[in-house]
Amino acid sequence: MDEDGLPLMGSGIDLTKVPAIQQKRTVAFLNQFVVHTVQFLNRFSTVCEEKLADLSLRIQQIETTLNILDAKLSSIPGLDDVTFEVSPISVTNETHSETTSEQSQGVPVMAIRNKMISEGLDPDLLERPDAPVPDGEGEKNTEESSDSESSFSD
């Protein structure tokens, strides 16, 4: 016997003399278990879906911001000759390398259009870059946006 007074090997009860559990009770316990498990899994999946949707939206916003930044940097003349050192990083995740190769193809037009709409600019200017700027406000906004860092933050 252990310190609680229980036998170490088995419960010491002869199971042949113990009456069987009623079938209705067994079914009721099983039903209760299934119902509670399903409710838990439904709540869990709902929370996971909400968090994944929020994360997906945040990633999309970051990608849009990075694409706009890339477009702004590529529009600066003279940066083609600038060289910089990149430390080699070994990446074993294939999805990361696929994403990197997709991003190196250029800035998606829809990302630029979305950012322009969010900043109150006319996205149709992308289709006609030589069009005159209405009322001269665009030149003022261009100067302000190039000087401020607020356009880079969320």
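This passage describes the fold, surface and buried residues of a predicted protein model.

The secondary structure comprises four helices and zero strands. Along the sequence, the pattern reads α-α-α-α. The protein has 154 residues, of which 7% count as buried. The exposed area is about 13,800 Å². Carbon and sulfur atoms supply 58% of that area. Contacts were also sorted by separation along the sequence. Among contacts with a separation of 6 or more, 53% join residues 24 or more positions apart.

Helix 1 covers residues 23–74. Its length was checked against the expected span. With 52 residues at 1.5 Å a residue, helix 1 should span 76 Å. The C-alpha atoms at its ends are 75 Å apart, so the model agrees with the expected value.

Several nonpolar side chains contribute to the surface. Leu-30, Phe-33, Val-34 and Val-38 make a nonpolar surface patch of about 390 Å². Phe-33, a member of this patch, lies in helix 1. The relative accessibility of Phe-33 is 56%. The cut-off for an exposed residue is over 50%, and Phe-33 therefore counts as exposed.

Aromatic contacts were examined next. The structure holds one aromatic pair. Phe-40 and Phe-44 form this pair, and their rings are stacked. The ring centres lie 6.1 Å apart, with 20° between the planes. Stacking is assigned because planes under 30 degrees apart count as stacked. Both residues belong to helix 1, four residues apart, so about one helical turn separates Phe-40 from Phe-44. Phe-44 has a relative accessibility of 48%. That value falls between the cut-offs of 20% and 50%, so Phe-44 counts as partly exposed.

Burial was then considered helix by helix. In helix 1, the buried residues are Thr-64, Thr-65, Asn-67 and Ile-68. Their cover includes helix 3, which runs over residues 109–118. In helix 3, the buried residues are Ala-111, Ile-112, Arg-113, Lys-115 and Met-116. The cover of these residues includes helix 1. Each of the two helices thus helps to cover buried residues of the other.

A backbone feature follows helix 3. Just after this helix, Gly-120 takes a positive phi of about 80°.

In summary, the predicted model is built from four helices and no strands. Helix 1 carries the stacked pair of Phe-40 and Phe-44. Helix 1 also contains buried residues, whose cover includes helix 3.

Methods
Residues are numbered from 1 along each chain as its sequence is written. This is a predicted model: local features need pLDDT of at least 70, side-chain atom pairs count only at pLDDT 80 or more; totals for chains, interfaces and linings use all residues. Side-chain values use heavy atoms; hydrogens and water are left out. Buried means under 20% relative accessible area, exposed over 50%, partly exposed in between (1.4 Å probe, protein chains only). Contact means heavy atoms within 4.5 Å. Accessible areas come from the Shrake-Rupley method with a 1.4 Å probe; for residues, only the protein chains shown count as cover. Patches are made of residues with over 30% relative accessible area and no salt bridge: like charges are joined within 9 Å, nonpolar side chains (Val, Leu, Ile, Met, Phe, Trp, Tyr) within 5 Å. A salt bridge is a side-chain nitrogen of Lys or Arg within 4 Å of a carboxyl oxygen of Asp or Glu. The expected span of a helix is 1.5 Å times one less than its number of residues. Rings of Phe, Tyr and Trp (its six-membered ring) pair if their centres lie within 6.5 Å; planes under 30 degrees apart count as stacked, over 60 as edge-to-face and the rest as tilted.
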